[in-house]
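Here's a quick tour of one model, written to be read with the structure open beside it. Have a look first, then read on.

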Amino acid sequence: MTAALAFDTLQYSKRLQQAGVAAPLADAQAEALAQVLTTGMDALATRADLEKVTLATRADLEKVTLATRADLEKVTLATRADLERVTQTTRADLERVTQATRADLERVTQTTRADLERVSLAARTDLERVETSLKGDIHALENRLISTEGQLRSEFRSELRLLEQRMTIKLGSMLVVAVGVMAVLDKLL
């Protein structure tokens with residue numbers, strides 16, 4: 001049974017244009033809607049048709065869901081097994097690397113200790129050599145100071161004797177002059 005439906009395409013197109021739709025697009029939409037509405041009711045699905053499609057879709061969806069769950073379970077089990085293998089391999093690799101690192105660290109530590117001992121021994125030897133050299137230099141300086149002190153004392157004594165002689169001569173001269181002045185004063189007075 002075919003049912004006809006009255007539809008004003010011009011009014012519909014104007015309404016779309018007022019809403020901002022371009023005129024060619026609004027006209028095309030109006031014509032397409034009129035064609036759909038004027039097509040016979042035979043082309044439309046019935047409630048029974050929709051229920052059949054719904055039941056078939058549900059059955060298909062259930063099959064797909066079950067298959068997907070089974071596939072997901074297989075993938076999950078395979079992934080867990082792969083993850084366990086990777087974890088074990090990683091732990092073994094980490095253990096090997098840790099042992100190799102410890103061995104390398106021990107070798108470096110022993111080498112460093114030996115190098116440090118050599119450097120320490122060389123530093124001690126150098127320090128003892130410097131200390132001996134400094135002691136010799138200090139001893140030589142002390143001897144030079146003692147020698148210089150002796151020379152200075154000797155020179156000082158010589159200069160002091162010379163000063164005493166000069167003072168004696170000057171005092172003698174002054175006494176002679178004083179006695180002469182006294183004699184002259186005595187005669188004058």
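What follows covers a helix pair, the ends of one helix, and a few residues picked out along the way.

## The model

Keep in mind that this is a predicted model.

## How helix 1 and helix 2 cross

Start with helix 1, residues 9–18, and helix 2, residues 23–38. Their axes come within 8 Å and cross at roughly 140°. Angles over 145 degrees would count as roughly antiparallel, so this pair ends up described as oblique instead. As for handedness, helix 1 goes past helix 2 in a right-handed crossing.

Who does the touching? On the helix 1 side, the residues are Thr9, Tyr12, Ser13, Leu16 and Gln17. They meet Ala23, Ala26, Asp27, Gln29, Ala30, Leu33 and Ala34 from helix 2. Sorted by character, the residues of this contact come out as seven nonpolar, four polar and one charged.

## Ser13, a closer look

Ser13 sits in helix 1, and is it buried or exposed? Its relative accessible area is 3%, and under 20% counts as buried, so Ser13 is buried.

Which residues does Ser13 touch once its neighbours within four places in sequence are set aside? The answer is Ala26, Asp27 and Ala30, and these three also turn up among the helix 2 residues in the contact with helix 1.

## The two ends of helix 1

At the N-terminal end, helix 1 is capped by Asp8. A side-chain oxygen of Asp8 lies 3.3 Å from the backbone nitrogen of Leu10.

After helix 1 comes Gly20. The phi of Gly20 is positive, near 105°.

## Along helix 3

Helix 3 spans residues 47–188, and Arg157 is found in it. Arg157 has 49% relative accessibility, so this residue counts as partly exposed. Now for a distance: from Arg157 to Thr79 is 78 residues in sequence and 111 Å in space, C-alpha to C-alpha.

Thr54 is another residue in helix 3. With a relative accessible area of 34%, Thr54 is partly exposed. Measuring along the chain, Thr54 and Lys135 are 81 residues apart. In space, their C-alpha atoms are 112 Å apart.

Notes
Residues numbered from 1 in each chain as written. Predicted model: local features only at pLDDT ≥ 70, side-chain atom pairs only at ≥ 80, totals over all residues. Heavy atoms only, no water. Axes fitted to C-alpha atoms, helices over the stretch in contact; angles between N-to-C directions. Helix = DSSP H or I, 4+ residues; strand = E, 2+ residues; numbered from the N terminus. Parallel < 35°, antiparallel > 145°, perpendicular 65-115°, else oblique. Left-handed = near helix turned anticlockwise from the far one by under 90°. Contact = heavy atoms within 4.5 Å. Nonpolar A, V, L, I, M, F, W, Y, C, P; charged D, E, K, R; others polar. Polar contact = N/O pair within 3.5 Å; in protein donor to acceptor, adjacent residues only side chain to side chain. Buried < 20%, exposed > 50% of the residue type's maximum accessible area, 1.4 Å probe, protein only.
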